[in-house]
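Dear colleague,

I am handing over the structure we spoke about, and below it I have set out what I found when going through it. Please read the notes with the coordinates open beside you.

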Amino acid sequence: QVQLVESGGGLVQPGGSLRLSCAFSGFTFSNYAMRWYRQGPGKERELVATISSIENILNYADSVKGRFTISRDNAKNMVYLQMNSLKPEDTAVYYCSASRGGPRYWGQGTQVTVSS
């Protein structure tokens with residue numbers, strides 16, 4: 001079964017930067033599309049960014065476009081989310097997700113708090 005573990009969250013000042021990491025354990029990481037979601041206080045979980053399995057096509061939510069970058073390292077079974085110019089509204093629990101047309105797998109989440 002696929003296991004996902006996020007890390008890199010923390011407290012950041014507005015305008016600051018943070019890089020989240022997601023470690024994938026399972027078979028054939030390169031076949032999975034990887035996504036970052038987030039869920040702010042009192043809000044529904046929303047899709048932040050996607051990177052496809054083969055073509056490495058990137059997609060971002062409008063709210064983070066130009067500020068966040070998703071990337072993957074298939075040799076290390078890792079996915080990253082580089083977050084720049086952070087805003088208080090970026091405060092949320094960030095989740096890593098993996099899928100290849102079947103079940104969607106989720107990590108436990110990592111807290112990101114943007115505050116002065």
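I begin with the pair R67 and D90, whose side chains form a salt bridge in which the closest N and O atoms are 2.8 Å apart. R67 sits in the loop between β6 (58-60) and β7 (68-73), while D90 belongs to the loop between β8 and β9, so this pair ties together parts that are 23 residues apart in sequence. R67 counts as buried, at 12% relative accessibility, and D90 is buried as well, with a relative accessible area of 0%. Please keep in mind throughout that this is a predicted model.

D90 has a further partner in R38, with which it meets in a salt bridge at 2.9 Å, N to O. Because R38 lies in strand β4 (residues 33-39) and D90 in the loop between β8 (78-83) and β9 (92-99), that contact ties together parts that are 52 residues apart in sequence. R38, at 5% relative accessibility, also counts as buried. The salt bridges of R67 with D90 belong to a wider arrangement, in that bridges with shared partners join R38, E46, R67 and D90 into one network.

The whole structure holds 4 salt bridges, and one of them links K65 to D62, with the closest N and O atoms 3.3 Å apart. Here K65 counts as exposed, at 51% relative accessibility, and D62 likewise counts as exposed, at 67%.

As to the chain as a whole, the secondary structure comes to 11 strands and 0 helices, so that the elements from the N terminus on are β throughout. The radius of gyration is 13 Å, which agrees with the value near 13 Å that a compact globule of 116 residues would have. Taken along the principal axes, the C-alpha atoms fill a box of roughly 40 × 25 × 25 Å.

Of the 116 residues, 44% count as buried, and the chain exposes about 6000 Å², of which carbon and sulfur atoms supply 48%. Among the contacts with a separation of 6 or more, 53% are made by residues 24 or more positions apart. Finally, for any electrostatic set-up you may have in mind, the chain carries 12 positive and 8 negative charges, and the mean positions of the two groups are 3 Å apart.

With best regards

Conventions: Residues numbered from 1 in each chain as written. Predicted model: local features only at pLDDT ≥ 70, side-chain atom pairs only at ≥ 80, totals over all residues. Heavy atoms only, no water. Helix = DSSP H or I, 4+ residues; strand = E, 2+ residues; numbered from the N terminus. Rg over C-alpha atoms; globule rule 2.2 N^0.38 Å. Buried < 20%, exposed > 50% of the residue type's maximum accessible area, 1.4 Å probe, protein only. Contact = heavy atoms within 4.5 Å. Areas by Shrake-Rupley, 256 points an atom, 1.4 Å probe, with all protein chains shown as cover. Lys, Arg positive; Asp, Glu negative; His and termini not counted. Charge placed at Lys NZ, Arg CZ, Asp CG, Glu CD.
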